[in-house]
Amino acid sequence: MQYTDIPSENLLKIKTLGQLKAAGYEPQTVKQELRQNLIKKLQQKEDVFPGIWGYEETVVPDLQRAILSMHHINLLGLRGQAKTRIARLMIDLLDEYIPVVHGAELNDDPLLPLSRYAKDLVHEHGDDTPIGWMHRSDRYTEKLATPDVSVADLIGDADPIKAATLKLPYSDERVIHFGLIPRSHRGIFVINELPDLQARIQVALFNILQEGDIQIRGFKVRLPLDIQFVFTANPEDYTNRGSIVTPLKDRIDSQIITHYPKSIEIGKKITKQEAHIKDEQEELVTSNEIISDLIEQVAFEARESEYVDPKSGVSARLTISAFETLLSAAERRALLNAEKSTYVRVADFLNTIPSVTGKVELVYEGEQEGAGHVAQVLMGKAIRTQFLKYFPDPDKAKKNKAAPNPYKGVIDWFGEGNTLDILNDASAADYKKALQQVPGLANLVEKYQPKAEAKEKLFLMEFALHGLAEHSQLSKNRLSTGLQFKDLLSGMFSMPKFGEEDEDDDDQF
């Protein structure tokens, strides 16, 4: 049996260097290890990076080529594009266990000892050298680049306390306190937000990337480290805190550009996978695909908005947080009304504004409008876009004289001076009663969405009102406790004058 075919439980029984040699163990670099395990997964048609959606034809193939080429990698992209998640998934391409010299701080290979301690131990005990086993989860190190990171943190420096304790002179390499990078020997080392690392610290990485070794000041010691480096960074034109120095960028073999989801469906997969939904929420709240589409559409609208800084990007965390907030809004309403179940509403979607305002970086015009107003505008555009997937275009229906306007009954009812209040915390009975008082609204939903369930039809009735408001067929005013729909013209005339404040109508959008 070859060493690679030995089960993990049998490997862990090997305790000495002699037993390891007898098992047929041969050293290999971490890049060779990643390459060989990737080849196996590709041959067996396994999913190499599970849970990474939307990169199947772009980022993942580039990443696989880089690993097969045994390259150091830089993942370049805006925030919230799964860069760190990808780096962490590379752990699965490592062997489950590797042998190390027992007690060595640099994860020394028993056949290729690196540190002074490991070399002395192997020299003294030979085949009786004790070995341990290191799990792949322990071979991953991640460091967030911050301005206070020093060369000593990453590479190492003389430790005066160790020198005093061991009674050794500073010239003895045993007084070295190794940094994070040497301690990552035979593993994966990730530096997040590389441009935030000071230029002089980036320079210290040159030799490690090019020659594969480190040199600690004051010591004639050369450590040929075996490390797979993965860096993450935002585009340099966005990070005003710093940039990647050119010689370092030149030493990173592959730079892979990430991107945001290119479709609503991919965005929904990511959101539902990453959102932390409690079991009691799933039992209490019933959602639907329309509300999920609306949340994803907000992110798409934000990435195209003139109010949002395109260099900053709109993180996938926006939709994740918004979905969590939406279900919590529905849960809160059910708890207040002592209801054992509830169905999501468009009003719940509009209550996710706090999850949007903190996730977008505004340009000057957006700052002038205010984060809250920009969030409302984005949500309005999302409703306008998604509305046309379920109902006819109100603008075209109004202009088409050959066919009756399907919205005429609803619009005429509001034109007679009637108003409709949809309160955030209304019970299911009050919500249903309010929507059913609008003549023609139920028939509209029945005509264009006949297969919808009863509770979904109520949702669609509310959705239709929002869609008509976004297409300037009705007026929609924000109340302190919900929304009010009224005729478009009366809404304009009833708006408070400049300098006046209305107790009920806080905002119109």
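Eight residues come together in one aromatic cluster here: Tyr343, Phe387, Tyr390, Phe391, Tyr407, Tyr448, Phe459 and Phe463. Keep in mind that this is a predicted model. Searching the whole structure turns up 11 aromatic pairs, and a couple of them get a closer look below, along with two arginines that sit over rings.

**Tyrosine 3 with tyrosine 25**
- These two tyrosines, tyrosine 3 and tyrosine 25, make an edge-to-face pair, with 5.2 Å centre to centre and 70° between the planes.
- The contact ties together distant parts of the chain, as the partners are 22 residues apart.
- Tyrosine 3 belongs to the segment before helix H1 (8-11), while tyrosine 25 is in the loop between helix H2 (17-22) and helix H3 (30-43).
- Tyrosine 3 has 15% relative accessibility, so it counts as buried.
- Tyrosine 25 comes in at a relative accessible area of 9%, so it's buried as well.

**Tryptophan 413 with phenylalanine 414**
- Ring centres of tryptophan 413 and phenylalanine 414 are 4.9 Å apart.
- Their planes meet at 80°, which is why this pair goes down as edge-to-face: anything over 60 degrees does.
- Both tryptophan 413 and phenylalanine 414 are buried.

**Arginines over ring faces**
- Arginine 251 is placed over the face of phenylalanine 206, and its distance from the ring centre is 4.6 Å.
- Over on tyrosine 431, the ring face has arginine 345 above it, at 4.0 Å from the ring centre.

Note on methods. Residues are numbered from 1 along each chain as its sequence is written. This is a predicted model: local features need pLDDT of at least 70, side-chain atom pairs count only at pLDDT 80 or more; totals for chains, interfaces and linings use all residues. Side-chain values use heavy atoms; hydrogens and water are left out. Rings of Phe, Tyr and Trp (its six-membered ring) pair if their centres lie within 6.5 Å; planes under 30 degrees apart count as stacked, over 60 as edge-to-face and the rest as tilted. Helices (H or I, at least four residues) and strands (E, at least two) are DSSP runs, numbered from the N terminus. Buried means under 20% relative accessible area, exposed over 50%, partly exposed in between (1.4 Å probe, protein chains only). A charge sits over a ring if NZ of Lys or CZ of Arg is within 6 Å of the ring centre and within 35 degrees of the ring normal.
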